[in-house]
Amino acid sequence: MKCRKKTNLELTEEISILKQRVRELEQSSLALLQAEEELKANRRQLSNALEIAHLGHWEYDVVSDLFTFNDQFYKIFHTTVENVGGYTMRSAEYALRFIHPDDMAMLAEEIREAMETTDPYFTRQIEHRMLYADGTVGHIVIRHFVVKDAHGRTVKTYGVNQDITELKKLEERLLRSEKMEALGMLAGGVAHDLNNVLGIVVGFSELLLRTNIEPSSVKPQLENIKRGGQRAAAIVEDLLTLARRGVASRQVLNLNKIISDLQQSPELGKLCEHHPRVEIKTDLAQPPLNISGSSIHLSKSLFNLVSNASEAMPQGGILTIKTANQYLDKPIKGYDEVREGDYVVLSVSDTGEGILAADLKHIFEPFYTKKVMGRSGTGLGLSVVWGTVKDHQGYIDIQSEEGKGTTFTLYFPITRQEIDAPATIRAISEYMGNGESILVVDDVKEQRDLAVSMLGMLNYIVSSVPGGEDAIAFVKQHPVDLIVLDMIMEPGMDGLDTYKKIVDVNPGQKAIIVSGYAETDRVTQAQELGAGPFVKKPYVLENIGLAVRKHLDS
């Protein structure tokens, strides 16, 4: 059979069809290339998103027994591709070595349940601890999913790991801060009531000692009463420091001077007698920058740290007190997160027993102590340190290792102001009154009586009322030169609300504010309205006398 030769028309049509198919293939290839590029871009975006979110992505194919990981996965586990080795179940075995032993059983049960589940939409989130080769403990959250085939068999699992170690630290710091705040509120309430009682004991003792009492043999007993009251007031001051209400006034200070004064104090001498095998060394910055704060609270905090360090070395050792000027250009994350800035850093180190990790979380809590009750203080020592540091807008860090010692590091923000000249004791003639009229407003009768007695001794004509409403009614009928106004009065109006009403009745009325707590925003508001100096209870004759005289003469 002879083949027919195709006509030119037929050949032209076939060529046209072939060209069309080539064009279609080219378009399909282009579409495939575009889809492949889009897929690569999506993968890059997913990878970048996982990297930005610090998520370690992984997949496990059950059939091929192959694992795949992204780069962030290795970073989370503090390892490398080379260390992990092959991408089979051995890779998972390598990762399991990092699981904290106490969480291993929980995680193994979770894996078994995931592999055996018949739920086609099985998802789970697990949180567990990691124990790395350097001894540090991390926290990981795993969110994983299971893929089933048509017969319900697991063919693939995949998920993401997230390191939440820093988040857990922040959570721990927040809980610690909230606990200290709650304890501080409790301590503050107790301290307020105790302050009123002790202020009466100390104040009337001072008044009696300034009178010519007979017989003279009573005087030593009064001195003892006064000293005992002052010691009790010091404990109340510790409670107020814990309550973050203890720093009544600030001055420019030099930490080296505070350390020098402590070295010469009888308290440290007595401590050294109890711990003769402890050697105290100092390494002080020359010159240190100044800070702003309370020398009384800083001195007590330093002594508490030195006392604790000495007791941590029953067999003797070296105690080092160090100061340094330090600029932080980025935050330090430790027990506390220290923000960037200029600081004077005070550290107290010992070579003693160290602090157990379980105790480290609680050491600043009041009355949490391992000391013998009744022989080693009140259990408020480190609570006072915590409150003092926070009152000075500072930070605290602790490094401790069992059997090797502990270092407390305190960061105090610097001030560029210069140190003031030391105050001198004033003669009573400088703050005597000239018969001016004064109204004492206080909800505690004994406190009113004490203030009336002190101001009467200073030659003022003194009246008193128990609350804000009474004070307003009094000044409407009996104008006075000055009001001594308690800030916290219950029930009824406090000092600020009382003063607002009084200046409505008598604009320009002079007043001084008193309180057992430190200065607050409400004290500042009262002073902005025209009130004068703030006086912290318990009353001391010189303090209240100078404040009244200064404001009357202003």
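1. A contact, as the word is used in this note, means heavy atoms within 4.5 Å. The structure under review is a predicted model. In that model, His-128 touches Ile-99, Asp-103, Met-106, Leu-107, Gly-138, His-139, Ile-140 and Ile-142, with residues up to four places away in sequence left out of the list.

2. The setting of this histidine may be described next. His-128 is placed in strand 3, which covers residues 123-131. Its relative accessible area is 2%, and His-128 is therefore buried, the limit for that class being under 20%.

3. For the protein as a whole, the secondary structure amounts to 17 helices and 19 strands. Of the 554 residues in the protein, 41% are buried. Among contacts with a separation of 6 or more, 66% are between residues 24 or more positions apart. The exposed area of the protein is about 30,900 Å², and 55% of this area is supplied by carbon and sulfur atoms.

4. Strand 1 (residues 55-61) has two pairings to consider. With strand 5, strand 1 runs antiparallel, and 7 bridges join the two. One residue pair may be located in the model: Asp-61 has Lys-156, in strand 5, as its bridge partner.

5. The pairing of strand 1 with strand 2 (residues 66-69) is also antiparallel, and it is made by 4 bridges. Here Trp-58 has Phe-69, in strand 2, as its bridge partner. Strand 1 and strand 2 form a hairpin with 4 residues between the strands, and in this hairpin Asp-65 takes a positive phi near 55 degrees.

6. Strand 5, the partner of strand 1 in point 4, spans residues 154-163 and contains Tyr-158. The relative accessible area of Tyr-158 is 32%, so this residue is classed as partly exposed. Tyr-158 also belongs to a nonpolar surface patch of about 220 Å², which it makes together with Phe-145 and Val-147. Residues of such a patch must have over 30% relative accessible area, a condition that Tyr-158 meets with its value of 32%.

7. Aromatic ring pairs form a separate topic. The count of such pairs comes to 2. In one of them, the ring centres of Tyr-343 and Tyr-395 are 6.1 Å apart and the planes stand at 75 degrees, so the arrangement is edge-to-face. This pair links distant parts of the chain, since Tyr-343 is in strand 12 (residues 341-350) and Tyr-395 in strand 13 (residues 395-401), 52 residues apart. Tyr-343 and Tyr-395 are both buried.

8. Tyr-343 also pairs with Tyr-411: the centres of these rings are 5.8 Å apart and their planes are at 85 degrees, so this pair too is edge-to-face. Again distant parts of the chain are linked, with Tyr-343 in strand 12 and Tyr-411 in strand 14 (residues 405-415), 68 residues apart.

9. The ring pairs join Tyr-343, Tyr-395 and Tyr-411 into a cluster. As to burial within the cluster, Tyr-343 has a relative accessible area of 5% and is therefore buried. Tyr-411 is likewise buried, with a relative accessible area of 8%. Both values fall in the buried class because that class takes in residues under 20%.

Definitions and conventions:
Residues are numbered from 1 along each chain as its sequence is written. This is a predicted model: local features need pLDDT of at least 70, side-chain atom pairs count only at pLDDT 80 or more; totals for chains, interfaces and linings use all residues. Side-chain values use heavy atoms; hydrogens and water are left out. Patches are made of residues with over 30% relative accessible area and no salt bridge: like charges are joined within 9 Å, nonpolar side chains (Val, Leu, Ile, Met, Phe, Trp, Tyr) within 5 Å. Accessible areas come from the Shrake-Rupley method with a 1.4 Å probe; for residues, only the protein chains shown count as cover. A salt bridge is a side-chain nitrogen of Lys or Arg within 4 Å of a carboxyl oxygen of Asp or Glu. Buried means under 20% relative accessible area, exposed over 50%, partly exposed in between (1.4 Å probe, protein chains only). Two strands pair if DSSP finds at least two bridges between them. Rings of Phe, Tyr and Trp (its six-membered ring) pair if their centres lie within 6.5 Å; planes under 30 degrees apart count as stacked, over 60 as edge-to-face and the rest as tilted.
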